[in-house]
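Trainee: Could we go through this structure together? I would like to begin with how its helices pack.

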Amino acid sequence: MGCKTKTLIVLLIALLIVIYKWWKPTAGGTNPDVLPVVLWHGMGDTCCMPFSLGAIMSLIVEQTKGGYVRSLQIGGNPILDWQSGFFIHPDEQVEWVCQQLLQDERLAKGYNAIGFSQGGQFLRAVAQRCPQPPMRTLISLGGQHQGVFGLPMCPTLSQKSCDYISRLLNSAAYSEEAQHNLVQATYWHDPIMENHYRLGSTFLANINNELYLNTYYVENLQKLKKFVMVMFLNDTIVQPKESQWFQFYTSGQDRIIQPFNESKAYQDLHLDKMESEGKLVFLGIEGDHLAISKEWFIKNIVPLLLEK
Ligand SMILES: *[C@@H]1O[C@H](CO)[C@@H](O)[C@H](O)[C@H]1NC(C)=O
Ligand SMILES: *[C@@H]1O[C@H](CO)[C@@H](O)[C@H](O)[C@H]1NC(C)=O
């Protein structure tokens with residue numbers, strides 16, 4: 001074995017030890033007076049990287065003086081957790097998460113939830129499908145509630161895989177193969193062929209009541225105390241960025257955004273009712289996708305977590 005190889009192996013082992021030490025899907029828990037917080041990571045990320053959600057977990061524990069935080073590790077291990085962001089159907093993920101939340105006794109009296117990017121719409125599905133344990137406030141950081149029409153980048157995936165995914169989405173997003181194997185296809189929203197989306201999207205069209213009006217979803221969503229949607233005003237990843245505020249293109253074209261209150265989903269999920277009750281909160285933040293500063297988080301998100 002060459003000297004270089006040996007060094008590489010030693011470094012790799014050191015890295016694994018560091019990650020293992022940091023890798024904790026739960027944190028805090030000594031302050032019973034603050035509601036637990038559940039996090040769901042975005043595409044290309046995992047529950048617990050120290051420079052990503054791990055840092056957010058520490059920040060929340062610090063700011064809530066020991067509140068319990070659980071960052072969802074989909075599938076129960078780091079590899080599956082990463083893969084889930086691309087390749088495990090959201091229905092399967094949501095179902096698994098619902099079971100996990102139900103089994104976590106600390107969450108029994110309710111919890112607040114923060115979704116990062118696609119984790120935002122996945123947590124909304126949890127709110128709509130799994131009323132127990134009760135979700136109180138849902139905070140969506142850059143979630144795509146009306147889907148996306150474009151995928152300019154795939155973080156932590158090779159260029160070749162990313163190109164393949166983009167081609168598949170653009171040519172055959174609603175094929176059985178894509179819907180079954182590719183998470184991003186399940187919230188691909190083609191405004192030019194709106195009917196293909198309604199009939200073909202196996203996740204987003206379902207939770208947005210596009211095809212069937214599921215009153216169970218409506219009832220459960222209304223149980224939220226607040227639904228906070230954060231849009232990154234200079235987002236270069238989510239197309240259109242307005243999807244982060246539950247808006248989308250007017251059908252038939254991909255330039256003009258339809259007024260929020262005129263969309264079908266707005267009516268079919270009774271967001272009008274939530275809006276009139278002051279439950280919908282729209283926040284905008286300057287910067288690119290998920291570019292959140294510690295200061296902004298402390299000023300805008302932490303107070304929501306401390307509400308009684
Ligand atoms: C970000 O977007 C906002 C709103 O569209 C705009 O006012 C601002 O100038 C943009 N900032 C940058 C750095 O592009
Ligand atoms: C949407 O809101 C605008 C401005 O608040 C209002 O003028 C319009 O009538 C509303 N449309 C519907 C369908 O409620």
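**Helix packing, cores and loops**

Mentor: In this predicted model, the axes of α5 and helix α10 (residues 215-222) cross at roughly 105° and come within 7 Å.

Trainee: Which word describes how α5 and α10 lie to each other, oblique or perpendicular?

Mentor: Angles of 65 to 115 degrees count as roughly perpendicular, and α5 and α10 are therefore roughly perpendicular to each other.

Trainee: Which residues make the contact of α5 and α10?

Mentor: Helix α5 contributes Arg124, Ala127, Gln128 and Arg129, while α10 contributes Tyr216, Tyr217, Asn220 and Leu221. Sorted by class, the contact of α5 with α10 holds 4 nonpolar, 2 polar and 2 charged residues.

Trainee: What about α4 and α5, at what angle do they pack?

Mentor: Helix α4 (residues 90-103) packs with α5 at an angle of about 60°, and their axes are 10 Å apart. The two helices α4 and α5 are therefore oblique to each other. The crossing in which α4 passes α5 is right-handed.

Trainee: And which residues of α4 and α5 make that contact?

Mentor: On the α4 side they are Pro90, Asp91, Gln93, Val94, Val97, Cys98 and Leu101. On the α5 side they are Phe122, Ala125, Val126 and Arg129. In this contact of α4 with α5, 8 residues are nonpolar, 1 is polar and 2 are charged.

Trainee: Changing topic to the interior: in the largest nonpolar core, which residues touch the most other members?

Mentor: That core has 58 residues, and Trp40, Val126, Met135 and Leu271 touch the most other members. Helix α5 (residues 118-129) supplies the largest share of this core, 5 residues.

Trainee: Why would nonpolar side chains be found together like that?

Mentor: As a general tendency, nonpolar side chains in soluble globular proteins are buried together.

Trainee: Let us take Met135. What does Met135 touch?

Mentor: Leaving out residues up to four places away in sequence, Met135 touches Tyr111, Ala113, Leu123, Val126, Ala127, Lys223 and Leu224. There is also a second, separate core of 24 residues, which includes Val69, Ile114, Phe116 and Val230.

Trainee: Now the loops. Where is Pro133, and what is the peptide bond before it, cis or trans?

Mentor: Pro133 is in the loop between α5 and β5 (135-141). The peptide bond from Gln132 to Pro133 is cis, with omega near -10°. Gln239 and Pro240 are joined by a cis peptide bond as well, with omega about -5°, and Pro240 lies in the loop between β6 (226-232) and α11 (264-268).

Trainee: Which residue between α11 and α12 has a positive phi?

Mentor: That is His270, which is not a glycine and has a phi of about 55°. His270 sits in the loop between α11 and α12 (271-276). Its relative accessible area is 35%, so His270 is partly exposed.

Trainee: And Leu290, where does it lie?

Mentor: Leu290 is in the loop between β7 (280-285) and α13 (294-306). Leu290 has a positive phi near 60° and is a residue other than glycine. With a relative accessible area of 32%, Leu290 is partly exposed.

Trainee: Last one: is Asp33 buried or exposed?

Mentor: Asp33 has 59% relative accessibility, so Asp33 counts as exposed. Asp33 is placed in the loop between β1 (26-27) and β2 (37-40). From C-alpha to C-alpha, Asp33 and Lys308 are 9.0 Å apart in space, while 275 residues apart in sequence.

Terms used: Residues are numbered from 1 along each chain as its sequence is written. Chains are lettered from A and ligands numbered from 1 in the order in which they are written. This is a predicted model: local features need pLDDT of at least 70, side-chain atom pairs count only at pLDDT 80 or more; totals for chains, interfaces and linings use all residues. Side-chain values use heavy atoms; hydrogens and water are left out. A nonpolar core is a set of buried Ala, Val, Leu, Ile, Met, Phe, Trp, Tyr and Cys residues joined through side-chain atoms within 4.5 Å. Buried means under 20% relative accessible area, exposed over 50%, partly exposed in between (1.4 Å probe, protein chains only). Helices (H or I, at least four residues) and strands (E, at least two) are DSSP runs, numbered from the N terminus. Contact means heavy atoms within 4.5 Å. Axes are lines fitted to C-alpha atoms, for helices over the stretch in contact, and angles run from 0 to 180 degrees between N-to-C directions. Angles under 35 degrees count as roughly parallel, over 145 as roughly antiparallel, 65 to 115 as roughly perpendicular and the rest as oblique. A crossing is left-handed if the near helix is turned anticlockwise from the far one by less than a right angle, and right-handed if clockwise. Ala, Val, Leu, Ile, Met, Phe, Trp, Tyr, Cys and Pro count as nonpolar, Asp, Glu, Lys and Arg as charged, and the others, Gly among them, as polar.
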